Amino acid sequence: MESRGLRCFLFSSQVAFHLQPYRGRSDHSVHDNIKYIIDRYGDHGAFYKFTSSTGNILPLFYIYDSYLTPPENWSDLLHPTGSHSLRGTPYDSVFIALIVEERHKHDILAGGFDGMYTYFASNGFSFGSSHQNWKAVKAFCDGNNLLFIPSAGPGYIDTAVRPWNNHNTRNRVNGRYYETALQAALNVRPEIVTITSFNEWHEGTQIEMAVPKKTVTRLYLDYQPHQPEHYLELTRRWAEQFNKEKETWLM
């Protein structure tokens, strides 16, 4: 679901919001967005809430392209002493920023965010999406009481919409690329792993069921020689592995 910069992330049968950039987005408009969402959906059983290590149960929001707003502006919204802070109010939540460049981790901390996620499914596309950097980013987050949420993807090819971006294409290798990303995520022992994405066919990151299909202008990706639900099965298997390993991390 997507509307005016809002996209929903699914957590089993629950939903979290992904706030996309939109014209005029600012710390003030995000304040209004959060208030509207919680007033409208906060009591719904399908509204995802995160249980922190301290036992707090709060809504969780991902802020895409958070770096477009200066950290001092985010600080007014996300620090307890900010001029229009959400902290300690009925709209307090867990706010996750996007890390693209290495310097963003310091801006995210200064802005008062609760954590960072990597989003992009193309390993090497950005500092944040490069698997080799996740251990260092996780260490930074651990040292500053932040959540690190790595994002895994099954592959990447967006040349149908960005013909110039072929260098960021990542072959699926019959599922091995996806499993490599998921293993890299589990290696840093995160509390949450996100998957990019369920159905973004234009960027070649879909994991929903797929059968061979060709139109006059496009040949769609399929998962042969595997079955149409191959990536859903891999997702189920790795989710089970994640939950099993997470239990041992918390012991």
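What follows is a short set of questions and answers on a predicted model.

Author: Local features here need pLDDT of at least 70 and side-chain atom pairs pLDDT 80 or more, while totals for chains, interfaces and linings use all residues. Residues are numbered from 1 along each chain as its sequence is written, and side-chain values use heavy atoms, with hydrogens and water left out.

Reader: Why is Arg-218 called partly exposed?

Author: Buried means under 20% relative accessible area, exposed over 50%, and partly exposed in between (1.4 Å probe, protein chains only). Arg-218 has 26%, so Arg-218 is partly exposed.

Reader: What makes Arg-218 and Trp-201 a polar contact?

Author: A polar contact is a pair of N or O atoms within 3.5 Å; within protein, one must be able to donate a hydrogen and the other to accept it, and residues adjacent in sequence count only if both atoms are side-chain atoms. The side chain of Arg-218 reaches the backbone oxygen of Trp-201 at 2.9 Å. That distance is within the cut-off, so the pair counts.

Reader: Which other residues does Arg-218 touch?

Author: Leaving aside neighbours within four places in sequence, Arg-218 is in contact (heavy atoms within 4.5 Å) with Ala-160, Trp-201, His-202 and Lys-213. Ala-160 is 58 residues from Arg-218 in sequence, but 8.3 Å away in space, C-alpha to C-alpha.

Reader: How do you know that the span of helix 5 is close to the expected one?

Author: The expected span is 1.5 Å times one less than the number of residues. Helix 5 has 12 residues and reaches 16 Å from its first C-alpha to its last, against 16 Å expected. Among its buried residues are Tyr-177, Ala-181 and Leu-182.

Note on methods. Helix = DSSP H or I, 4+ residues; strand = E, 2+ residues; numbered from the N terminus.
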